[in-house]
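Colleague: I am new to this structure. Please show me how to read its features.

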Amino acid sequence: MSELSEQAGKALGDALGAEHAALWVYGLANAFIGEARVRDAVEDAVDQHERLRDTAEQAMREAGLTPTPAQPAYDVGGGVQNQSSAIELLITAEGDCEVGWRSVLDNTEDPGLRRTALDGLTTSAARATRWRLTLGRQPAVEHFPGQR
């Protein structure tokens, strides 16, 4: 990857920002997770978000852009009191990542960046579906992930 359009660079920066926020949210939610199977899913999600964060940072640097920095904290809107409210927050974080990666898909023609964006969009959508199923929410699957 070399050069990105202004729109693609902004979209990639936004997707990176969503990845930073998701990692922070997963750290917060982890304090409220009690079940081993859910804790394992959280660990797997963190690994995937770290991989996407690192890939996005590298792509921005290769394009001569400064990667979006992580914030020291993120506003989660309300309080997290238990595992269910923590999982609700994870669904929101995954939705934000879906939006970010979909925007990258919509704003670049670069094949490598499009593969990364598709990976980010589909893995976030799959995790959000898993979290909805964990809570027993229906429908568990969104028809068009990343569209808000």
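Modeller: Start with helices: helices (H or I, at least four residues) are DSSP runs, numbered from the N terminus. This is a predicted model, where local features need pLDDT of at least 70, side-chain atom pairs count only at pLDDT 80 or more, and totals for chains, interfaces and linings use all residues. Residues are numbered from 1 along each chain as its sequence is written, and side-chain values use heavy atoms, with hydrogens and water left out.

Colleague: Which helix holds Asp40?

Modeller: Asp40 sits in helix H2, residues 36-62.

Colleague: How many salt bridges does a search of the whole structure find?

Modeller: A salt bridge is a side-chain nitrogen of Lys or Arg within 4 Å of a carboxyl oxygen of Asp or Glu. The search finds seven. One pairs Asp14 with Lys10, with the closest N and O atoms 2.8 Å apart.

Colleague: Where do Asp14 and Lys10 lie?

Modeller: An α-helix has 3.6 residues a turn, so residues three or four places apart point the same way. Both Asp14 and Lys10 are in helix H1 (residues 6-30), four residues apart, about one turn of the helix.

Colleague: What span should helix H4 have?

Modeller: The expected span is 1.5 Å times one less than the number of residues. Helix H4 (residues 111-135) has 25 residues, so 36 Å is expected; its end C-alpha atoms are 36 Å apart, which agrees.

Colleague: What comes just after H4?

Modeller: Most residues other than glycine have a negative phi, and most peptide bonds are trans. Gly136, just after H4, takes a positive phi of about 80 degrees. A cis peptide bond joins Gln138 and Pro139, with omega about -5 degrees. Pro139 belongs to the segment after H4.

Notes: Helices (H or I, at least four residues) and strands (E, at least two) are DSSP runs, numbered from the N terminus.
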